[in-house]
Amino acid sequence: MAKMKFLCDSERCIECNGCVTACKNANETEWGIQRRRVVTIDDGEPNETSISVACMHCTDAPCMAVCPTDCFYQTDDGIVLHDKDLCIGCGYCLFACPFGAPQFPSEGAFGERGKMDKCTFCAGGPEEDPAKQKAKYGANRIAEGKLPLCAEMCSTKALLAGDAQKVSDIFRERVVYRGHKDGAWSSVDEQKAAPGKQGPEALVPGQMDSQQMAALASELAVDASNIIAKA
Amino acid sequence: MTKTTQPDSRTVKALLQVFAVLVLAGLAILLFSPHAGADDAAAKVQGNFAGADYWREVSDGTVGYTTSKGAEHGQLINVSGERWRELRNKWISPGGLYAIGGSLGLLTLVYLTLGCMKLDKPRTGRLILRWGLFDRAMHWFVAITFLTLAFTGLNILYGKHFIPEYFGYDIWKNLIALSKFLHNYIGPIFSIGLLVMIIRWFGNNFFNMTDVKWFIQGGGLIGNKHPSAEFLNGGEKGWYWALTILGLVVVGSGLVLDFPLFGLTRNDMQTANLIHGGVSLLLVAISLGHIYIGTIGSEGALEGMKTGYVDETWAKQHHDLWYAEVKDQAIDPAQAQTDKSGKADKPGNAEKAEQA
């Protein structure tokens, strides 16, 4: 079974906020609700790096663990969804969430926050009637065989969405082309090709033939299913 | 014209020379300064800050720039969320069950071994006013709001583990929504009642040697003799202070949770939630002792808070020192009946205690 995950390649994200706009448009969320956001660290500094973030659909989701109403559930695809009929707007999911994903339409006295809203991986929610589902939870693109619009519309393909294994395959390919052995979490500086060294480090990105790249790809290959199973 | 231009061009030349010297000096500084080499310039172009340092910074909760206007949206990782989850789910939640379960178990054991504490001597039939109308109204106001908050709070913490399973989705949906609503709105109402009660009964509740002796005898459990007590005994005073101290902590943290305005962060909410949950569960566990003694644990105790009057025998047995003071005020039940309808709010005892 597929396990749906997002991955944002910090080397590619250019902070265009296209994903944010795409999300807002696809899901037509309430005024003030922004399911996805782009955060830039060291903005205006030499190290400026941006990442697009929304619900990461955790395998061991903290929101699920603390919700007093037990309104969260995980689909077979590993997508974390919630039932707005059950939600009481207590805010516990927001306290626990590592990514600040849960959003509330208001913040009033006596803890009146309204029903929580968050990224659904464009998978809608627990509502039979499609019109009602769209109004309550936003788009259900998964049901149409489509992936989340944010990733689909990403101009630099920094934001990837889909089966964890597929996403990691795509990413690994990029790693090989760039020669970044640690993937998104490595800097160009550390990865300068060193002449005289053996193995992947001897290979210069952009100067490899297809055989070299294939060899490097298999060397760096990671079976994501093990990682998912461990999580 | 040419004459006038010559000094000008000379000035320009001199200026150019000065400029050249400045540029050279500048270049020299740049070349010899350790931080501004060509490598650094290249690094600046390559820029992209990733790797372990990036991850370290992000997972430390560094706040970046974002166009999102949501609260704390600049922060990529909410560092304390996982710790809160751990403390709430693995300590507070089971801890509360141990506290309340332990309290219930202990009281069951007491009831099974000692049973209801009956009056030693038959009732005289003459009544003494113990609690005036205001005291009783206040007690029941606080009691009802307290119990509502306790049940709704317990439902919010533990309900999901069994109610949806046994009562179904629809009941659970409405019950949990009602619980949150009642809990959030009755909380501040309870806090007003609690404050009035704390102030009203403040004077009666200072411990003295009589109370120490009362505690040494375990409130009558140790030894045969019932220990001396004034208007309030040691146990009642202990409950007053537990309710005052723990109650104020619960009310304070509850108000923080109730008003997520004023720029309160997730961190503040987590702290308030842990304090609120832990202390209120402890308070509920202690309150069971008070409820036990006031109902099935001791004969005649509930009458005082219900009607305001207690039997002479009860007063003598449980509050002998107070009885000695007020025994001349004992009245017949018929008199009490007429007093109750009228202005019986003349608790000579309570007023006396307040003056003291």
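This briefing walks through how chains A and B meet, and how some of their strands and helices are arranged. The model is predicted, so please read every feature below as part of a prediction. Chain B holds 15 helices and three strands, and one of those strands, β1(B), takes part in a sheet together with strands of chain A.

**Chain B as a whole**
- Of the 356 residues in chain B, 27% count as buried.
- Look along the chain for distant partners: among contacts in chain B with a separation of 6 or more, 73% are between residues 24 or more positions apart.

**Where the two chains touch**
- The contact between the chains draws 52 residues from chain B and 47 residues from chain A.
- On the side of chain B that touches chain A, each of these elements supplies at least two residues: α2 (38-46), α3 (51-59), β1 (65-66), α4 (81-114), α5 (133-158), α7 (169-200), α9 (234-258) and α10 (266-294).
- Sorted by class, that side of chain B has 22 nonpolar, 19 polar and eleven charged residues.

**A sheet shared by both chains**
- Try tracing the open sheet of three strands, whose order is β3(A)-β2(A)-β1(B) and whose pairing is antiparallel.
- Its edge strands are β3 (49-53) of chain A and β1 of chain B, each of which pairs on one side only.
- Strand β2 (residues 37-41) of chain A is joined to β1(B) by two bridges, and the two strands run antiparallel.
- You can find the partners by name: Thr40(A) has Tyr65(B) as its bridge partner, while Val39(A) stands opposite Thr66(B).
- As background, strands of a sheet pair through backbone hydrogen bonds, either parallel or antiparallel.

**A strand pair within chain A**
- Strand β1 (residues 4-8) of chain A is mostly covered, with four of its five residues buried.
- Five bridges link β1(A) to strand β6 (residues 159-163) of chain A, and this pair runs antiparallel.
- To locate one partnership, start at Cys8(A), whose bridge partner in β6(A) is Leu159(A).

**α9(B) against α10(B)**
- The axes of these two helices come within 8 Å and cross at roughly 150°.
- Angles over 145 degrees count as roughly antiparallel, and α9(B) and α10(B) are therefore roughly antiparallel to each other.
- Their crossing is left-handed.
- From α9(B), the residues making the contact include Trp239(B), Leu246(B), Val250(B) and Leu257(B); from α10(B), they include Met269(B), Ile275(B), Leu283(B) and His290(B).
- By class, the contact of α9(B) with α10(B) has 14 nonpolar, seven polar and one charged residues.

**α7(B) against α9(B)**
- Helix α9(B) also packs with α7(B), at an angle of about 150° and with the axes 10 Å apart.
- That angle makes α7(B) roughly antiparallel to α9(B).
- Here, too, α7(B) passes α9(B) in a left-handed crossing.
- In α7(B), the residues that meet α9(B) are Asn184(B), Gly187(B), Pro188(B), Ser191(B), Leu194(B) and Ile198(B).
- Facing them in α9(B) are Thr244(B), Gly247(B), Val251(B), Gly254(B), Leu255(B) and Asp258(B).
- This contact has five nonpolar, six polar and one charged residues.
- Gly247(B) and Gly254(B) are worth finding in the structure: they take part in the contact with α7(B) and also in the contact with α10(B).

How values were computed:
Residues numbered from 1 in each chain as written. Chains lettered and ligands numbered in written order. Predicted model: local features only at pLDDT ≥ 70, side-chain atom pairs only at ≥ 80, totals over all residues. Contact = placed C-beta atoms within 7 Å. Nonpolar A, V, L, I, M, F, W, Y, C, P; charged D, E, K, R; others polar. Pairing = 2+ DSSP bridges. Axes fitted to C-alpha atoms, helices over the stretch in contact; angles between N-to-C directions. Parallel < 35°, antiparallel > 145°, perpendicular 65-115°, else oblique. Left-handed = near helix turned anticlockwise from the far one by under 90°. Buried ≥ 20, exposed ≤ 12 C-beta atoms within 10 Å, placed from the backbone.
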